[in-house]
Amino acid sequence: MLKRTCTCGDTRKENAGETTTLSGWVNTYRDQGKGLVFIDLRDRYGMTQVVFDAEDTPKEVMELGGTLRREDVISVTGKIRDRDGKPNEKLPTGEIELVAKEIEIINRTAKLPILPDDHDADKIGEEHRLKYRYIDLRRPRMQKILQLRHKITQFTRNFFADREFLEIETPLLITPTPEGARDFIVPSRHQAGQWYALPQSPQIFKQILMVAGCDKYLQICKCLRDEDPRADRQAEFTQIDLEMSFIEQDDILALMTEFATSLYKEVGGVDLGNLPQMSWKDAMDNYGSDRPDIRFDLQLADITELAKKTDFKVFNEACDAGGSVKAMRVPGGAEKLSRKKTDAYAEIAKTYGAGGLPVVKYQDGEFVTGVAKFVTPIKEELVEALKLEDGDIVMFGVGTYRVACTALGEVRLAVAKELGLIPEGMFRGLWVIDFPMFDWNEDAGRWVSEHHPFTAPLATHLDILESDPANCLSSGYDLVINGAEVGGGSIRIHNPEVQAKVFGLLGLSQEKAEDKFGFLLNALRFGAPPHGGIAFGLDRLVMMMIGTTNIRDVIAFPKTQTGADLMCEAPGIADPAQLDELGIIMRQPAESTE
RNA sequence: GGGGCGGUAGCUCAAUUGGUUAGAGUACCGGCCUGUCGAGCCGGAUGUUGCGGGUUCGAGUCCCGUCCGCCUCGCCA
């Protein structure tokens with residue numbers, strides 16, 4: 001094999017005259033006739049033009065050059081030539097070209113299903129890109145993403161290694177636990193009928209590492225949750241997982257702020273600024289979300305008390321049921337937002353559980369259209385409360401507190417997008433803190449953890465943990481950037497009695513808690529240090545820095561919405577002998593007989 | 001589990017009201033061309049219209065079912 005002496009990305013003008021060998025894929029070929037063929041040779045590092053020129057290239061090499069097609073793999077040896085007055089300004093190597101003297105055609109390509117060209121690859125159906133991932137990943141854009149992802153993990157390892165964190169692996173085959181996401185399960189051969197679970201996160205293990213005296217832990221690890229995916233969510237994803245001992249919330253937030261801001265600065269070239277803290281309540285109240293996008297203003301106001309004074313049935317029913325009425329003033333919205341638009345926003349509100357989206361315009365000192373007749377009686381107070389100005393539009397979120405907030409919060413995002421209120425290229429982050437410990441789940445008829453069952457209540461709220469769980473706040477915290485949750489964590493419970501109380505509130509009997517989490521409760525009994533930590537979503541960090549909303553773009557081998565890997569065709573059929581060994585009998589689906 | 005969009009040549013798409021032989025660009029194949037750089041020009045080959053059924057003289061088009069992909073609600077401690 002002709003061994004390469006440099007890559008397709010690093011030859012420059014000053015290398016002119018040198019003899020070099022390049023290896024790579026034929027990105028494109030331009031056959032000018034019998035005496036002149038150009039190819040762009042591509043590898044991970046870049047692209048270099050190779051020219052087969054009858055005046056300088058041996059005849060047999062010339063002939064082979066003419067047969068090259070896109071994505072053939074070759075090695076070429078030749079002399080670097082200055083292109084003088086005719087550089088290709090699109091390429092870093094554009095000032096030179098390699099004049100072919102010797103060629104080895106390593107592998108011809110079969111007829112290509114897709115082309116790895118950034119120019120048109122974004123139009124290719126994702127199904128094809130996933131099936132032929134090895135071709136798709138050749139694209140410069142995908143290579144750039146893989147490299148960025150590597151830079152982020154390298155930066156992370158260095159940052160935390162410099163601060164005494166130990167990278168420690170935790171098991172993939174663990175025991176199924178109640179609470180949380182649906183587990184992927186794996187059968188045990190030695191103990192037929194018993195099952196491992198794949199970890200939803202290394203949560204309990206990293207806490208036990210703290211009990212084990214490891215003090216500072218880091219792992220970049222896969223987490224698996226058998227739940228339906230979304231554009232920004234995949235059943236199999238990666239976390240930057242951290243835990244520390246003998247610290248308090250502020251210590252973690254300070255260190256993680258330093259990590260996040262320096263990561264964004266040094267890898268992303270972006271100034272995150274400082275990361276303000278906002279309580280969960282303020283986030284919900286003012287932005288209608290526990291992950292507020294603070295790149296633009298447009299805040300919500302609570303007008304529940306005012307709404308009670310109206311005769312509007314929609315308001316009254318929500319208020320009578322103990323719910324809320326939220327209002328959002330859109331400056332100048334009366335003209336900018338047509339009926340068609342506000343109808344579309346109503347559909348958004350409905351998907352988040354609201355009955356609709358009452359709307360009113362404020363023009364010439366009067367409320368007009370929509371619910372004008374219902375809110376006119378509270379005109380003065382509403383104008384005052386929302387600081388309304390002529391030409392504004394007001395939208396209302398109505399329902400339970402969470403529905404009213406989130407429905408209007410989602411409309412807020414849609415309006416901002418429509419009106420172009422979100423500045424391009426801006427990154428704004430914040431810490432959301434003071435989460436509630438619990439959320440009441442009507443279906444289950446019990447409290448469920450807002451964060452997870454190991455999250456400690458705020459020290460100042462420990463006394464109301466059992467007496468008033470609804471108002472008990474936790475020491476949880478989320479890092480939110482541009483309206484996306486990129487990380488979250490908490491101070492953990494390190495006292496077995498407190499942990500047992502929380503399990504109790506979650507409806508776990510003492511027996512079941514001991515059965516399912518006994519190893520954690522046990523560990524806490526043998527000298528557990530105070531500890532806490534955080535996990536960042538690596539995929540989300542990469543997505544944000546690369547500017548994509550598609551998580552599959554930042555994963556080398558992602559899965560589809562039904563959990564399939566279209567390239568390797570997972571999941572697949574297991575051999576009956578394998579199943580037999582595991583003691584598994586398939587219940588034949590009725591319709592699968594053909 | 002629910003809602004929405006899509007599936008036609010290797011790829012990206014078109015195809016009128018249900019009507020002739022399902023077209024175009026690109027990739028591929030052949031030819032021409034000595035400075036291209038998304039090369040250009042000329043020609044060629046390429047189809048289970050996702051799959052199964054139905055309506056009809058006639059279905060890519062209409063109906064039913066089903067599979068796959070994407071977006072989304074629920075779900076994701």
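C223 counts as buried because its relative accessibility is 0%; buried means under 20% relative accessible area, exposed over 50%, and partly exposed in between (1.4 Å probe, protein chains only). That cysteine belongs to a predicted model, where local features need pLDDT of at least 70, side-chain atom pairs count only at pLDDT 80 or more, and totals for chains, interfaces and linings use all residues. Residues are numbered from 1 along each chain as its sequence is written, chains are lettered from A and ligands numbered from 1 in the order in which they are written, and side-chain values use heavy atoms, with hydrogens and water left out.

**How sure is the predictor?**

- Chain A has a mean pLDDT of 94, with 99% of its residues at 70 or more; pLDDT is the predictor's confidence in each residue, from 0 to 100.
- Residues 589-594 are another story: pLDDT stays under 50 there, and the model has zero contacts for them beyond four places in sequence. Contact means heavy atoms within 4.5 Å.
- For the complex, the predictor gives an ipTM of 0.94 and a pTM of 0.95.

**Chain A as a whole**

- Chain A comes to 19 helices and 22 strands. Helices (H or I, at least four residues) and strands (E, at least two) are DSSP runs, numbered from the N terminus.
- Picture a box of roughly 90 × 75 × 60 Å along the principal axes: that is what the C-alpha atoms of chain A fill.
- Of its 594 residues, 50% count as buried.
- Take the contacts in chain A with a separation of 6 or more: 67% of them come from residues 24 or more positions apart.
- The accessible surface of chain A is about 29,800 Å², and 50% of that belongs to carbon and sulfur atoms. Accessible areas come from the Shrake-Rupley method with a 1.4 Å probe; for residues, only the protein chains shown count as cover.

**Back to the cysteines**

- A disulfide is a pair of cysteine sulfur atoms within 2.5 Å, and by this rule the count comes to zero.
- Why no bond for C223? Its closest cysteine sulfur, in C221, is 4.4 Å away, which is too far.
- C214 also has C221 as its closest cysteine, but the sulfurs are 15 Å apart, so that's too far for a bond. C214 counts as partly exposed because its relative accessibility is 21%.

**Around strand 8**

- Q194 sits in the loop between strand 7 (185-187) and strand 8 (195-197). Its 46% relative accessibility is why it counts as partly exposed.
- Leaving out residues up to four places away in sequence, Q194 touches V186, P187 and S188.
- Y196 lies in strand 8, and with 33% relative accessibility it counts as partly exposed.
- Y196 teams up with L172 and L173 in a nonpolar patch on the surface, with about 280 Å² of accessible area together. Patches are made of residues with over 30% relative accessible area and no salt bridge (a side-chain nitrogen of Lys or Arg within 4 Å of a carboxyl oxygen of Asp or Glu); like charges are joined within 9 Å, nonpolar side chains (Val, Leu, Ile, Met, Phe, Trp, Tyr) within 5 Å.

**Two helices to look at**

- Helix 7 (residues 249-266) is home to T261. Not counting residues up to four places away in sequence, T261 touches L272, G273 and L275.
- T261 and L275 are 14 residues apart along the chain, with their C-alpha atoms separated by 8.5 Å.
- Helix 18 (residues 538-546) is mostly covered, with eight of its nine residues buried; among them are L538, D539 and I546.
- Right after helix 18 comes G547, whose phi is positive, near 80°.
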